[in-house]
There are 2 protein chains.
Amino acid sequence: MAKADSTPPKATPKQMADAIRVLSMDAVQKANSGHPGMPMGMADVATVLFSKHLKFDASRPDWADRDRFILSAGHGSMLIYALLHLTGYKAATREELSNFRQWGSKTAGHPEYGHMPGVETTTGPLGQGLANAVGFAMAERHLAAHFGEDLVDHRTWVIAGDGCLMEGVSQEAITLAGRYRLNKLTVLWDDNAITIDGAVSLSDATDQKARFKAAGWAVKAIDGHDMGAIKSALKWAERQNKPTLIACKTKIGRGAATMEGSHKTHGAALGEAEIAATRLGLGWDHAPFDIPEHVEKAWRKVGRRGARAREEWEARLAEAELQDDFVRAMAGGLPDDAFEALDAAIAEAVQTKPAQATRQSSGAALSALFEAVPELMGGSADLTGSNNTLVAGTETFDAPDYAGRYINWGIREHGMAAAMNGMALHGGLIPYGGTFMVFSDYSRPSIRLAALMGIRVVHVLTHDSIGLGEDGPTHQPVEHLAALRAIPNLQVFRPADTVEAMECWRLALEKADGPSALALSRQKTPAVRTEAASENLSAKGAYELKAASAKARATLFATGTEVALALKAADMLEADGVPTRVVSVPSFELFNQQTKAYQTKVIAKGTVRVAIEAGIRQGWDRFIGEDGGFVGMSSFGASAPAEVLYEKFGITAEAVVAEVKARL
Amino acid sequence: MAKADSTPPKATPKQMADAIRVLSMDAVQKANSGHPGMPMGMADVATVLFSKHLKFDASRPDWADRDRFILSAGHGSMLIYALLHLTGYKAATREELSNFRQWGSKTAGHPEYGHMPGVETTTGPLGQGLANAVGFAMAERHLAAHFGEDLVDHRTWVIAGDGCLMEGVSQEAITLAGRYRLNKLTVLWDDNAITIDGAVSLSDATDQKARFKAAGWAVKAIDGHDMGAIKSALKWAERQNKPTLIACKTKIGRGAATMEGSHKTHGAALGEAEIAATRLGLGWDHAPFDIPEHVEKAWRKVGRRGARAREEWEARLAEAELQDDFVRAMAGGLPDDAFEALDAAIAEAVQTKPAQATRQSSGAALSALFEAVPELMGGSADLTGSNNTLVAGTETFDAPDYAGRYINWGIREHGMAAAMNGMALHGGLIPYGGTFMVFSDYSRPSIRLAALMGIRVVHVLTHDSIGLGEDGPTHQPVEHLAALRAIPNLQVFRPADTVEAMECWRLALEKADGPSALALSRQKTPAVRTEAASENLSAKGAYELKAASAKARATLFATGTEVALALKAADMLEADGVPTRVVSVPSFELFNQQTKAYQTKVIAKGTVRVAIEAGIRQGWDRFIGEDGGFVGMSSFGASAPAEVLYEKFGITAEAVVAEVKARL
């Protein structure tokens with residue numbers, strides 16, 4: 001601690017940056033686990049960014065118009081924890097820092113959204129933060145158009161490493177940002193030329209600056225340890241009319257006594273001896289987690305820097321015409337009348353019994369929601385007509401005004417899913433994105449992160465089985481329902497008809513704390529929900545759609561387009577004297593949340609149980625037990641018309657009847 | 001048909017290209033499904049490529065030294081079917097063409113490897129073919145170094161569309177190719193400025209030529225309908241010392257009477273009227289699937305063009321010192337002594353009982369295989385030290401000689417998996433690649449295609465559970481075992497110790513018709529296979545590792561690091577007087593291939609059944625039934641030391657004992 005009886009010296013920017021360095025190496029050392037090299041290398045850049053440019057107020061991490069700071073190179077988590085601690089975020093205590101990476105601490109190994117205020121998104125899987133940032137920047141532009149720049153006018157800053165830039169998703173992200181001229185997005189590339197295995201040149205020779213230019217970015221290269229150069233570059237970035245890349249030439253582990261510049265600083269504690277020598281070299285004569293008063297003071301001042309701007313903004317908000325809408329949307333609440341038109345459409349569908357593909361039903365649901373829920377915003381990864389994601393008359397999101405709500409995502413499933421996460425994390429929007437279900441494999445890493453973070457995004461996955469026909473096995477999901485259901489906290493819906501599709505859309509919007517995926521058919525299917533219900537039956541996850549004519553001897557479980565097939569099989573069984581009930585199963589996850597008593601009743605163990613789904617059996621034993629019958633797929637599909645495929649792969653009412661009879 | 005009584009005119013290149021156009025539009029029309037626009041647009045480029053540059057012999061599609069032609073824009077499958085038919089590939093009959101996209105035909109909706117000779121890889125999911133091609137080109141260079149250019153000296157040609165280039169995997173692929181200076185790789189970009197939703201500019205503004213240059217490629221732009229320009233460009237490509245991109249400015253649906261240049265030609269039949277008008281415009285007065293004699297003759301000559309080169313090559317092969325090795329490796333056979341060192345290592349491990357992480361055991365297996373199996377070639381996506389993928393002393397694959405067998409894949413999980421597919425498809429190599437198991441999500445689309453194609457690649461997936469500790473939930477697989485097991489024809493292994501890891505590696509190499517994934521621990525685990533066995537027990541998929549002391553009342557099933565835990569629980573139960581058996585389950589897939597009698601014996605329904613795996617329950621009902629006990633995960637993990645996590649998430653011997661006792 002500095003002596004109290006003398007005026008402490010004013011902290012230099014270097015001392016402020018060294019505080020980050022020392023906290024990082026000490027926390028990693030204490031945990032004996034973590035990544036000191038990156039925080040030490042980027043400490044100078046981060047110091048200038050936070051001191052002079054980032055618009056924030058440490059006392060109000062939830063200020064809606066704050067700049068967003070995204071640490072895409074999430075392994076360098078101590079960088080952000082150190083910054084939050086130093087600038088005075090209440091949650092980022094000294095104790096949290098010294099419990100880095102331990103059970104129950106807010107300082108998780110990688111930054112986790114929802115653990116520590118100030119962490120805007122969960123990062124670690126490389127490239128994701130950068131791609132999230134594009135979504136943040138898109139959200140900012142659209143909300144600025146909707147609510148005005150008085151309320152929404154902030155930047156998105158990203159720190160990304162070589163790993164982020166090598167991942168394919170980064171290409172989808174940067175071309176998206178370039179196309180939409182997201183000029184309030186700046187990427188600070190930690191150009192340290194080091195990866196885990198050694199020099200970047202071992203595996204890559206890309207001219208990243210030329211690559212970003214080719215994607216429509218403005219690019220500048222600086223010495224990432226030159227505070228003056230960093231400052232000028234950040235100012236330059238704020239003046240550009242395109243997204244900006246600042247290549248910051250740095251040394252990994254900057255300041256480490258003997259290991260500076262080595263990949264050995266990347267992913268392990270430096271060790272006591274190196275740390276002692278580094279302290280000496282930096283002239284840092286303080287115990288671990290002790291920050292000298294003048295340095296702390298300087299950093300706390302940085303933390304308060306945005307307070308006045310925040311207060312002015314609050315005053316503007318208090319006066320704003322759209323204040324209530326803004327506050328509601330940012331809080332994630334839905335409009336009071338969100339589901340009025342949808343409920344009317346459900347009532348109508350019960351009457352009109354439309355026989356249509358469930359992707360069309362999904363499109364109808366979206367149409368019924370779009371006006372009442374202005375925060376719904378999305379599009380398709382170049383399959384608009386197939387995914388039924390465009391509500392007629394919707395304007396396209398584009399520069400310069402960004403008021404449109406339809407997004408041409410391009411052929412970028414992964415980038416779309418990651419940007420959707422960023423939009424949801426920004427707040428104020430409920431993003432959706434469409435592609436063929438089989439390509440959920442491309443976006444899977446981002447779907448997983450949405451589930452882990454517990455954020456509301458909606459994946460519209462059409463062409464959900466061999467029922468898509470001639471495009472063949474590369475396009476036919478077989479294992480995807482099981483694979484998606486495997487992700488914790490992801491709601492997977494496979495609606496059977498228009499009514500169920502509309503119910504599922506409602507459930508997707510009502511789940512504010514997690515993502516949803518809608519599996520939708522390419523092919524037409526008859527209406528099965530032809531009677532008015534007093535509640536959202538899909539909310540039960542599984543429910544008896546058709547009762548048996550007498551005490552049930554068989555139960556047929558089915559989802560999506562196979563529900564109609566189950567009904568047909570049930571009729572045949574009833575005609576043969578086998579009382580048969582049919583259970584529609586729009587969502588495994590919601591069924592698992594019902595009472596044990598309800599589950600027991602629906603499953604009806606005493607009956608012969610057979611499930612029908614044009615996917616693999618995995619997961620279905622939950623309903624049918626190990627000895628139940630299953631009519632579905634056990635291999636990849638094939639290229640032929642849909643009806644032929646159902647016949648050839650044996651997914652028929654006759655097969656269902658045979659499975660039941662074999663067990664009676 | 002041309003008249004027989006007059007000398008037919010010599011076919012012009014345009015007529016040859018028109019033959020592709022007409023076959024494509026007619027086949028799509030007949031199927032009433034498919035994509036005519038791309039084949040029509042790229043017909044000129046393909047005609048020049050096949051006529052003048054591609055080294056092939058239609059009578060011998062299996063010629064090992066042929067050039068590889070990859071249709072990355074796989075939706076344009078009629079392009080390749082038309083080319084194979086016209087050049088005289090025996091399998092590409094008129095009947096096959098007229099059965100386009102029908103059940104049982106070789107002319108699947110997208111080109112399917114193994115259906116039609118001449119189709120080198122399965123394409124359709126965009127970007128995959130391009131990324132496969134990088135693997136083809138890597139394999140060619142390495143095998144040329146190993147066997148000499150007398151035997152291996154060919155090029156890889158790719159046709160890719162805007163969709164391929166927008167997908168993130170393309171960035172990983174082209175930077176890999178650029179880094180390794182794969183100068184025998186040429187991408188012909190169908191630069192038609194059209195995607196399904198309309199103009200490319202709707203969603204993308206990338207300067208692709210600058211982007212490829214930034215990745216280390218030589219780039220040329222031409223009019224893709226100017227035969228002379230195409231020819232010069234292909235010659236130019238053959239002279240470069242880097243990979244080459246030829247941007248071919250084309251019109252989609254070239255030749256279509258009124259729809260040329262429109263996205264409406266992309267994915268649907270043109271319709272009878274448009275087809276009639278197009279015939280008129282092209283001056284093509286022949287019935288569907290009829291090819292005039294002079295055009296057919298010209299194309300057949302193209303098909304025979306490479307016959308002499310092929311014969312000369314065969315003569316060289318017959319004289320080659322390494323002939324036997326070459327033929328064996330290309331046929332996918334293993335050396336006779338492939339497993340001698342491995343068997344010895346297994347015998348040793350039974351004695352020494354090493355307590356080590358299974359990733360280390362995997363490294364030991366690889367070491368024991370590497371000398372005896374020269375076609376094993378691979379590396380890690382920048383996690384070499386963590387994945388244990390480097391056998392000491394192995395040279396690195398790199399320009400200019402390419403003799404090394406260790407590949408620095410870079411931070412490119414998806415590109416790695418796709419390139420591995422290309423290497424396996426090329427023949428002569430067994431590729432492997434390492435990453436953290438959680439990042440199998442990134443490479444999943446390519447893992448799926450390996451399974452669909454039935455090709456031998458080995459995915460080394462370390463850090464397979466919460467047992468990785470402090471890196472936290474972004475890095476901890478929870479659902480990944482279930483999600484990988486869901487993919488048909490993928491062998492998923494989770495070995496319990498060194499002996500099992502070695503057995504599983506052997507099984508991975510022995511499965512010539514499908515990919516394998518090895519789930520391996522970060523943390524140390526004791527040896528459980530401590531007695532010599534007369535067979536590869538892992539080959540059974542599941543087997544009794546420990547018998548009960550008396551008639552078994554309980555069975556514990558476990559995989560990987562949880563097998564040791566099951567053994568501990570079994571001891572505790574036995575001490576409490578509950579005779580308990582333990583079944584190790586290294587592979588669900590192999591277990592499902594055993595006889596019913598064996599399965600029944602292993603599962604032992606009469607006993608209380610509990611499974612232990614640090615992943616989700618999904619899939620385990622197959623072993624434990626719907627009422628069995630499960631000790632594992634039902635949520636994402638957390639950031640903390642491994643032992644703490646096992647304790648906090650309740651994966652302990654005590655929990656297993658409790659699950660059993662609750663059911664006795």
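# A tour of the predicted model

Start in chain B. Select strands β1, β2, β3, β7 and β6: these five form an open sheet, in the order β1-β2-β3-β7-β6, with parallel pairing. Keep in mind that this is a predicted model.

Next, pick out the edges. They are β1 (68-71) and β6 (218-223) of chain B, and each pairs on one side only. Now look at the twist. On average, neighbouring strands of this sheet are turned by 15° against each other, direction ignored.

Zoom in on β1(B) and its partner β2 (residues 156-160) of chain B. The two pair in the parallel sense, over four bridges. Select R68(B): opposite stands T156(B), in β2(B).

Stay here and add residues 77-87 of chain B. This is helix α3, lying across β1 and β2 of chain B. Helix α3 runs at about 145° to β1(B).

Move to chain A. Select helix α14 (residues 340-352) and helix α15 (residues 358-370). Their axes are 7 Å apart, and the helices pack at an angle of about 140°. The crossing is right-handed.

Which residues of α14(A) and α15(A) meet? Show side chains: A341(A), L342(A) and A345(A) from α14(A) meet A365(A), A368(A) and L369(A) from α15(A). The contact has six nonpolar residues, no polar and no charged.

Last stop: the cysteines. Select C164(A), which is buried at 1% relative accessibility. Why does C164(A) form no bond with C248(A)? C248(A) holds the closest cysteine sulfur, but that sulfur is 13 Å away, too far for a bond. Then select C504(A), also buried, with a relative accessible area of 0%. Over all chains, the count of disulfides is zero.

Notes: Residues are numbered from 1 along each chain as its sequence is written. Chains are lettered from A and ligands numbered from 1 in the order in which they are written. This is a predicted model: local features need pLDDT of at least 70, side-chain atom pairs count only at pLDDT 80 or more; totals for chains, interfaces and linings use all residues. Side-chain values use heavy atoms; hydrogens and water are left out. A disulfide is a pair of cysteine sulfur atoms within 2.5 Å. Buried means under 20% relative accessible area, exposed over 50%, partly exposed in between (1.4 Å probe, protein chains only). Axes are lines fitted to C-alpha atoms, for helices over the stretch in contact, and angles run from 0 to 180 degrees between N-to-C directions. A crossing is left-handed if the near helix is turned anticlockwise from the far one by less than a right angle, and right-handed if clockwise. Contact means heavy atoms within 4.5 Å. Ala, Val, Leu, Ile, Met, Phe, Trp, Tyr, Cys and Pro count as nonpolar, Asp, Glu, Lys and Arg as charged, and the others, Gly among them, as polar. Two strands pair if DSSP finds at least two bridges between them.
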